[in-house]
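User: Could you walk me through this structure, one question at a time?

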Protein chains: 2
Amino acid sequence: MASGYSAGMTVQSPADPSDLRAELRDRHEQVLGDAAAALAARSFYQRYPDSPSPRVHGEGAAEKGLAAYESHLGRPFDLGDQPTTGESVGSEVSPYGPELGVTYPRLDVDAAMAAARDVMRGWRAAGPRTRAAVCVEIIDRLHARSFELAHAVMHTSGQPFVMAFQAGGPQAQDRALEAVVAALVEQERIPATARWEKPGKDAPLVMDKEYVCVPRGVALVIGCNTFPTWNAYPGLFASLATGNAVVVKPHPRAVLPLAITVQVCREVLAEAGFAPALVQLAAEGDGEGLAKELALHPDVAIIDYTGGPGFGGWLEREGAAHGKAVFTEKAGVNSIVLDSTDDLRGLLGNLAFSLTLYSGQMCTTPQNLYLPRTGLQTPDGPVSVEDLAARLGEAIGRLTGDDARAVELLGATVNEGVRSTAAGLGALAEEAGGEVVVESRAVEHPAYPEAVVRTPGVVRVDAAREDVYTRECFGPVALLIVTDSTEQSLAQFVDTVREHGAMTAAVYSTSEEVLAAAREASLDAGVALSENLTGQVFVNQTSAFSDFHGTGANPAANAAYTDAAFVAPRFRVVATRRHVS
Amino acid sequence: MASGYSAGMTVQSPADPSDLRAELRDRHEQVLGDAAAALAARSFYQRYPDSPSPRVHGEGAAEKGLAAYESHLGRPFDLGDQPTTGESVGSEVSPYGPELGVTYPRLDVDAAMAAARDVMRGWRAAGPRTRAAVCVEIIDRLHARSFELAHAVMHTSGQPFVMAFQAGGPQAQDRALEAVVAALVEQERIPATARWEKPGKDAPLVMDKEYVCVPRGVALVIGCNTFPTWNAYPGLFASLATGNAVVVKPHPRAVLPLAITVQVCREVLAEAGFAPALVQLAAEGDGEGLAKELALHPDVAIIDYTGGPGFGGWLEREGAAHGKAVFTEKAGVNSIVLDSTDDLRGLLGNLAFSLTLYSGQMCTTPQNLYLPRTGLQTPDGPVSVEDLAARLGEAIGRLTGDDARAVELLGATVNEGVRSTAAGLGALAEEAGGEVVVESRAVEHPAYPEAVVRTPGVVRVDAAREDVYTRECFGPVALLIVTDSTEQSLAQFVDTVREHGAMTAAVYSTSEEVLAAAREASLDAGVALSENLTGQVFVNQTSAFSDFHGTGANPAANAAYTDAAFVAPRFRVVATRRHVS
């Protein structure tokens, strides 16, 4: 007899913060409406400006953010009254060199789960709109700490600073808002009440009904090393907005950005009279395997995961086998089909940038470049495989020739795996019976000499060597795959994506027929397609509210940011009905 | 290299039936709109009148339906060019006695899966609205065969005729329509195209985007014995409307209703120029275990299942572990909390009917009746446990005293399991340390002497005997559980439903405080609650478009008819984007 249902028992919210709740609902009504409209139309929308310029954020914001970041270093991180075992964990080392020295209280898992379970009733009773407003307030406060978060992301992921600011701050915040809005829309599609009136012989049968969205349980968010905030926010906010309590388990080498995030969540929740235990941080030391323990905890009902396919596959199987809703983003072989172009310079610049950005360490960076052995068709005649490779190398060189400028795009390699992939270009070419056609250059970071920085390299392989190019080479390595024809390129593209997954795909062609075939191929492969990108939109970037990140239709990810399938299974509807007398 | 993507390849639909497709879109636009509005408001809506009266269906419709049913008996059933192994299966015996003697071609599974895979592209290309219109046309044609279906349902499930007509015909058809509409709404929430315009320094960045809903793969629908159509239609039509091909695997003792259904699907699909292989029947003999083989087939991406918790649990674990979306309805312990009433007669009549209908063989029939040992409070003072049991027995007796009338409510017991449960009332009481308070009476069926028909019996047990009342007793058996208080009743209700699941719950109370506590308890338990039903609405009946069937929030079912979570994961969205020059 765990629970006591005494007559007259209702869930009471603390009285004081109710004014703040009403105020938050008012304050954020406009943004929730605007964002919902954008999401429905999938048009451009951006709440959080992503330029780090002082014109946007105010003079001194950057300096204050850096100081705030530095104030965390070498210190215990404060998470309030989170239940802890009394121990501390924390061993973050920046890919740029410095040790962070931040320590985090180790979560007492059973106590944390019990707390999470207990506090969900008050959050459930608050209803979808209050929850959404509180979430927007959280995201706004995160936005105010964007510079601090940027440094935390930079020094855990190895991202260059501007990217860490943009992708780790405002763009992650917009993805968070997208998840909140998607969750709100989905819950509000269910009316709170309905009158049901069935015509009868004499009088109609009339019933009043109420519908309440109830959470699934405790949600677990497992963060990744490379995009600690951007990849964690959609799951975190989708679960929270649908009434679930959330336990955030960051990657042991990228804790700080999510620790700050959890701190902000708890602060806003408490102000609005909700229990901070609705969001808790489960930090761990490297190699402890806490994610597995948490994933199998009986209280955990939802799991969001970004990371490698090994553990992701295990989670999909075991999590699902235990009745949990599991949303994963793993990895794949992102592909570009090169057929023809009327803007060779634009193509090369765009592709070089996509390969260079963050040293190819995005889950969306292209890996497989399919090109017919007859070359790329242009108005000036075909560009041969060799020429194209050479020109791509030159384009990468233009972006990365100067070390000081190069590191602002490349960032630093995040781990030994990436470093050995980058260093093993020659061995890969030999194994593949191919050739290194663009060398990967080691770059000296002018400020952080310990950082390992490499420019992207390219290996040419034959289309027959599926064994080579169906593997993910995470990091600054791309494969130029020589096919018999664009038809073969498309067929190989579909087969490899179906089998091994992809987060992104692109095609370059001036032929409407080829583009139509590529679109059909992308539907068969189940991956989004970018066509003829030659300007300031890149295949590895998606825009919240308009572009889906992932599709869930191929093995790279079983979910997409943010479609209905990403939010609808996070809550259930419980109805009550009674006659109207 | 399975597939060839040649330039210029597009999916062509046959030219002739395109007129029919346009006509179907026009013809069914109104119903799709009306039904979508009802679903959004969760108000009363019924497309298919559920009275078997000749005033509704026309003179002779009943006779023609019976003749159509009889024409199937003792014959091979025609499923056109479905790939077959050449063998036949079929061993249906009516719970009323007669052997059906219908045989069905055994499906060649691999050939069927290959066919299903191949034909999905044309169905995908047709788009959500054409698919929905075709589905409505299928359901309309099923409606025209409602009498034929009613006899098929009656003689496979053992339902009484009127119920077989209503639940197996029009009500199942309305649930099918609900699934089609939910699927259409969900797909149309994604715009087909969008223009994305990001403000820039000089000129805006402008892109055109297209979004296509793509199916997950082949959907498997596993039917049950007791409600072969009603429980199969939501999954069948949700999957079909979202672009998937469907393989229908009926219960080996309830094939005919789904064989007729598949026949109608294939007929309409072919007329509209789509491949009949989009819907195929996988009949099997008793005990062959085909469901397992189909569920693990690599082409199967979606599984809908209704049936026992053993295989259902296996499917949830193994299906999910293999990356399939699994929707189940299994079983649970449906509960009623009895506290007080000002309409004792209405309560007894309503409850007696709920227990009697189809001999308690509905997944929604109440099993656990919680009553404080102080009895049920009424304006005339408390009714003691003993008195309430006696009066409930009398109310059941009024419904079932006359054999000829009784069988029109009770139908026939569907299998040996139910018969032994019904016959084992005394043993159950003894095991439980309780008492049989309402005897189960054997009824003679005037027309079908071989049918085993039993009235519902009730056993009194103490609240301490959780071991007894947390088991499902499928069939005409209810348990009157004596508690210390309504507070304990509610607590036990929550605990047993959380642990063992429930499809339905009800409360009787005149106290607003108790009702509020019961509502809160139903949210915690994750089960829909009916309050004070004393008239012509019964706890075991739900109304399409307004009531959810199941919640997915407790172990009885992981899905609900029909919420967004039931349709959204059946398709994915693939986007393409390009610059606007």
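User: Is A:Gly332 buried or exposed?
Analyst: Happy to help! This is a predicted model, where local features need pLDDT of at least 70, side-chain atom pairs count only at pLDDT 80 or more, and totals for chains, interfaces and linings use all residues. Residues are numbered from 1 along each chain as its sequence is written, while chains are lettered from A and ligands numbered from 1 in the order in which they are written. A residue is buried with 20 or more other C-beta atoms within 10 Å of its own, exposed with 12 or fewer and partly exposed in between, C-beta atoms being placed from the backbone; because A:Gly332 has 28 C-beta neighbours inside 10 Å, A:Gly332 counts as buried.

User: Where in chain A is A:Gly332?
Analyst: Strands (E, at least two residues) and helices (H or I, at least four) are DSSP runs, numbered from the N terminus. A:Gly332 lies in the loop between β9 (325-329) and β10 (335-338) of chain A.

User: How many residues does chain B bring to the contact with chain A?
Analyst: Two residues are in contact if their C-beta atoms, placed from the backbone, lie within 7 Å. Chain A gives 84 residues, and chain B also gives 84 residues.

User: Which helix of chain B gives the largest share of that side?
Analyst: The side of chain B that touches chain A draws 10 residues from one helix, its largest share. That helix is α20 (residues 512-525) of chain B.

User: In β19(B), what is the bridge partner of A:Glu531?
Analyst: Strands pair if DSSP finds at least two bridges between them. Strand β18 (residues 529-531) of chain A pairs in the parallel sense with strand β19 (residues 571-579) of chain B, over three bridges. The partner of A:Glu531 in β19(B) is B:Arg578.
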